[in-house]
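Me: Please take me through one part of this structure closely. Start with the empty space inside, then show me what the rest of the model offers around that topic. Keep it brisk.

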Amino acid sequence: MKILLVDDEKPIRNMLTAFLEDLKYEVESAGTVGEGLEKVKSFQPNTILLDVNLPDGTGLDFLRRFQEGKEEASVVLITANVDVKTAVEAIKQGAEDYLAKPLNLDELEIILKKLNEKRGMRRDLAAMKAYQKAVYQRDYLFLSNPAMHKVYEQIEQVAEQSTVTVLITGETGTGKEHAAKLIHVLSSRTAAPFLELHCGAMPETLMESELFGYEQGAFTDARRSKPGLFEVANGGTVFLDEVGELPMTVQTKLLKVLEQKTIRRLGGIQENKINVRVVAATNRDLKQEVKDGRFRADLFYRLNVVNIVLPPLTSRPEDVEGLARFFFGDFSKEFNKKLRPLSDELLKALKSYHWPGNVRELKNAMERAVLTTRGEALTLKDFPSEIFEPAVVMKTSAEGNPALNREDAEKENIRQALLALKGHKTKVADYLGISRTTLLSKIKKYNLK
């Protein structure tokens, strides 16, 4: 590690140079603000030990000019008197720590070790962020559809504004969770938690305790206090999937969280401040839900600060080939299969299918095909027969039939799938790219038999 000493007293510079070189640090020194700033450019130190009083200015002057140059180094202030005001001002300007003269060399050694550890942690964090960014970005890099390119640009823009609430809308299986994670990893919150809650997967009372936590004795089984998702994710992102399923009582509490940036645990009296970004997703038309009285208008406007719309796969068939090749490559590696590239015949068949379950259905189909094939290359026989049966192809949105709204289209899709697959619910769920539990819920909702 390189250390630059900036101190006008030559005996102190000589003493510290000898001490630090014994600790195997590379050391250079300067006696003035000007000389120190020149050495920063030529020597590029990792750490600067900076005296407060210098012949041509102060340590704070050095700090200000150092910060303007956008150089990267940790600064430790050295002062003859423990001037708390100066130390606080220095730390505000970016100094990491301070030491008082006469110097305690053991204390200096400890500070330098801590700075080394912090520098290592920052490197690890930068590497982790770069890796996560690459993992989540790659799914967008090979897409051909211009609408998806715009979606990615929008994700990049909103990620930079780490306090903005985002609403992601799109049909089931279009990649809403993936988009939410990409927003998180591209943001300044990437080192903090990304926690998600499926709003339609649990009862109302349990949902409240999961989101907001509870105090001991709040209800019968509350034997100890427990923080909720908003507290645990502090500094990070909370992803609310299928937010349109939220009960009204929880909607009211969520609105308060978004407006006041505080939460109160169940059974508690204390308001706890939180710092989280909320990303919500839904396959419902929330504007219609508001009109029908099932969703709060004020909550909708709070969530809909930025709306990212993910188009269904049926509206961008040119992306099917890129996605198929990508999933094929991924699963071939995962299952250690050495298969020949996808044939033109198979790609043509995959592109001609409507994929009502969207990207998720395509991914599941490719995973199953790669895992179960016994040949050297994938063929039509490795995929579910219904994918290539015209009788099972159906409309997936209101665009195909102006008389259908989104819910009518979803109901019709499920009805046709049940007929085509002779009521086999596991096959229907797999075909539509949804869980069996979700399918049963929708069958009940639409009164399908």
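**The largest cavity and beyond**

Reply: The largest cavity is lined by Val257, Leu258, Lys261, Ile274, Val276 and Val278. Keep in mind that this is a predicted model. How much space lies in the largest cavity? About 40 Å³. The search covered the whole structure and found one cavity of 30 Å³ or more. Now sort the lining by class. Five of its residues are nonpolar, none is polar and one is charged. The charged one is Lys261. The idea behind such a search is simple. A probe the size of a water molecule is rolled over the atoms, and it shows where empty space is left.

One lining residue leads us onward. Val278 lines the cavity, and its number falls within strand S15 (277–282). S15 belongs to an open sheet of five strands, in the order S9-S12-S15-S8-S16. The pairing in this sheet is parallel. Which strands stand at its edges? They are S9 (194–198) and S16 (306–310), and each pairs on one side only. On average, neighbouring strands here are turned by 20 degrees against each other, direction ignored.

Look at one pair in detail. S9 and S12 (residues 237–241) run parallel and are joined by five bridges. Glu196 has its bridge partner in S12, and that partner is Phe239. A helix also covers part of this sheet. Helix H6 (residues 146–160) lies across S8 (166–170), S15 and S16. H6 runs at about 150 degrees to S16.

Now go to another sheet. This open sheet has five strands in the order S2-S1-S3-S6-S7, with parallel pairing. Its edge strands are S2 (26–30) and S7 (97–100). Each has a single partner strand, so one side of each has no neighbour in the sheet. The average turn between neighbouring strands in this sheet is 20 degrees, direction ignored.

Inside that sheet, S1 (residues 2–6) and S3 (residues 47–51) run parallel, with four bridges between them. Val6 stands opposite Leu50 in S3. Helix H3 (residues 59–68) lies across S1, S3 and S6 (74–79). H3 runs at about 145 degrees to S3.

The edge strands bring us to two loops. One loop lies between helix H1 (10–22) and S2, and Lys24 is found there. Phi of Lys24 is near 70 degrees, a positive value in a residue other than glycine. The other loop lies between S7 and helix H5 (105–141), and it holds Pro102. Is the peptide bond from Lys101 to Pro102 cis or trans? It is cis, with omega near -5 degrees.

Last, a helix pair. Two packed helices are described by the angle between their axes and the distance between the axes. For H17 (residues 425–432) and H18 (residues 436–445), the angle is about 100 degrees and the axes are 9 Å apart. The two helices are therefore roughly perpendicular to each other. Which residues make the contact? From H17 come Lys425, Thr426, Val428, Ala429 and Leu432. From H18 come Arg436, Leu439, Leu440 and Ile443. Six of the contact residues are nonpolar, one is polar and two are charged.

Terms used
Residues numbered from 1 in each chain as written. Predicted model: local features only at pLDDT ≥ 70, side-chain atom pairs only at ≥ 80, totals over all residues. Heavy atoms only, no water. Axes fitted to C-alpha atoms, helices over the stretch in contact; angles between N-to-C directions. Parallel < 35°, antiparallel > 145°, perpendicular 65-115°, else oblique. Contact = heavy atoms within 4.5 Å. Nonpolar A, V, L, I, M, F, W, Y, C, P; charged D, E, K, R; others polar. 1 Å grid on protein atoms, 1.4 Å probe; cavity = no way out; pocket = protein on both sides within 12 Å on 5 of 7 lines; lining within 4 Å. Points joined across faces, edges and corners; volume = space filled by probe spheres on them. Pairing = 2+ DSSP bridges.
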